[in-house]
Protein chains: 2
Amino acid sequence: VIRLYGYWRSSASYRVRIGLELKGLHYESVPVNLLRDGGEQRAARYRAINPQGLVPTLEDGPQRITQSLAILEYLEETAPEPPLLPRGAAERARVRSLAQVVASDTHPLANLRVLQYLTEVLGRSPEERHAWIRHWLAQGLAACEALLAGHPATGRHCHGDAPTLADVCLVPQLYNARRFDCDLSGYPTLLRIEGACLALPAFVAAHPSRQGDAVAG
Amino acid sequence: VIRLYGYWRSSASYRVRIGLELKGLHYESVPVNLLRDGGEQRAARYRAINPQGLVPTLEDGPQRITQSLAILEYLEETAPEPPLLPRGAAERARVRSLAQVVASDTHPLANLRVLQYLTEVLGRSPEERHAWIRHWLAQGLAACEALLAGHPATGRHCHGDAPTLADVCLVPQLYNARRFDCDLSGYPTLLRIEGACLALPAFVAAHPSRQGDAVAG
């Protein structure tokens, strides 16, 4: 049995759901509510599963795996079809690099715990918090646009004509950017690729709004 | 010819240097001074090499690869010996997860550009900036300590008795934490593993102080 501990609106959880759906793997969702009671992810019960106190965590039988990109590489190794990485080492590096632009340079800066620190510790206003989010998301999305637009390996998707780890990271980041009213008009390539992704059943099934713990509004 | 564009004190550059040294690969260093003229990494000349304007970038003949973890995975695939990842999928996931705790959840929050934003845009004091750094580094290092201490797979190094991607990420993060006077006494497992790493010639050769562009003091 595969079990995914996650939160409907968590970008990292969303990535893993897309990966599972693309691989056609059946899994059970265990919601961890990041906003209830100061965050269920910080409670002892969840920390026994993931000492870092962050979502997602994947359970695959006796194995427990944390960190979305480590989980996705694990899925790629244990369920190779359809592949989420191309064949050649340089091509694989391009896809992993795009995934890291999102996962290391963009998403962590607009994460819930960082926003909480800006408000609660540094006493920043909602406007400053919003400007912070938009600044870092714009940096990350502009980097993705620059790396994708006009590159000969970019196709219908980030790399070629089938989704890879790069698309798996990009789509949740764009969802996240819309939540925070970022202006996306400067990223035509990203929007085109997002459109191609959202036409695929795996991306539809993994969408936050389709999760059992989603809250309307 | 392998060429590494980096900066002596950049944590991500340091990771790649360790990887190259562990693999016994000969490479040429091209210094990119992050502090000169508002940052050489932002200049058009370097952006032609890496549109994201961050270090490191690896050139391997005609290939250009960015993002330290993508570079390290590329080295693992093109120069498999000695391996920086264990054999089994679950074991590989553990190592990659530890690497991501550093590369996604810890390092990006105390990065130069983030610190510049805190000072220049948010007008925070040097003390608040320091507290910010120490807060996020402590979160990340405590997570590493929790994942490593007492885990049956932890050995002389993060995973078993030879260095892996996890050690490659951990050692530069500890160097970085010392620069900012973080209290490391709560991380005995990390310090023990760091000691084992720094006894190896590859880690010695990759150390910031040994780089041609290092500035004394």
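Guide: Welcome! To compare two copies, we superpose them by least squares on the C-alpha atoms of residues with pLDDT of at least 70 in both. Keep in mind that this is a predicted model.

Visitor: What makes the relation of chain B to chain A that of a two-fold axis?

Guide: A turn of 180° with a shift of 0.0 Å along the axis lays chain B on chain A, with an RMSD of 0.0 Å. That is how a two-fold axis relates copies. In chain B, Ser104(B) has the C-alpha nearest the axis, 2.1 Å from it.

Visitor: How do you know that the copies meet through the same surface?

Guide: Of the interface residues of chain B, 100% are also interface residues in chain A, so the surface is the same.

Visitor: Why is Cys144(A) said to be in no disulfide?

Guide: A disulfide needs two cysteine sulfur atoms within 2.5 Å. For Cys144(A), the nearest cysteine sulfur belongs to Cys158(A) and is 7.5 Å away. Cys182(B) is in no disulfide either, with the sulfur of Cys144(B) 13 Å away as its nearest. Over all chains, the search finds zero disulfides.

Visitor: Why is Cys144(A) called buried?

Guide: Buried means under 20% relative accessible area. Cys144(A) has 3% relative accessibility, so the word fits. Cys182(B), at 15%, counts as buried too.

Visitor: Why do strand 2 and strand 4 of chain B stand at the edges?

Guide: Chain B has an open sheet of four strands in the order 2-1-3-4, with mixed pairing. Strand 2 (28-31) and strand 4 (63-66) each have a single partner strand, so one side of each has no neighbour in the sheet. From one strand to the next, the twist averages 20°.

Visitor: What makes strand 1 and strand 3 of chain B a pair?

Guide: Pairing takes at least two bridges. Strand 1 (residues 2-6) and strand 3 (residues 57-60) of chain B have four, in the antiparallel sense. In chain B, Ile2(B) stands opposite Asp60(B) of strand 3.

Visitor: How do you know that the length of helix 1 of chain A agrees with what it should span?

Guide: At 1.5 Å a residue, its 12 residues (11-22) should span 16 Å, and the end C-alpha atoms are 17 Å apart, which agrees.

Visitor: What makes helix 1 of chain A mostly covered?

Guide: In helix 1 of chain A, 11 of the 12 residues are buried, among them Tyr14(A), Ile18(A) and Leu22(A). Just after this helix, Gly24(A) takes a positive phi of about 70°.

Note on methods:
Residues are numbered from 1 along each chain as its sequence is written. Chains are lettered from A and ligands numbered from 1 in the order in which they are written. This is a predicted model: local features need pLDDT of at least 70, side-chain atom pairs count only at pLDDT 80 or more; totals for chains, interfaces and linings use all residues. Side-chain values use heavy atoms; hydrogens and water are left out. Contact means heavy atoms within 4.5 Å. Buried means under 20% relative accessible area, exposed over 50%, partly exposed in between (1.4 Å probe, protein chains only). Helices (H or I, at least four residues) and strands (E, at least two) are DSSP runs, numbered from the N terminus. Axes are lines fitted to C-alpha atoms, for helices over the stretch in contact, and angles run from 0 to 180 degrees between N-to-C directions. The expected span of a helix is 1.5 Å times one less than its number of residues.
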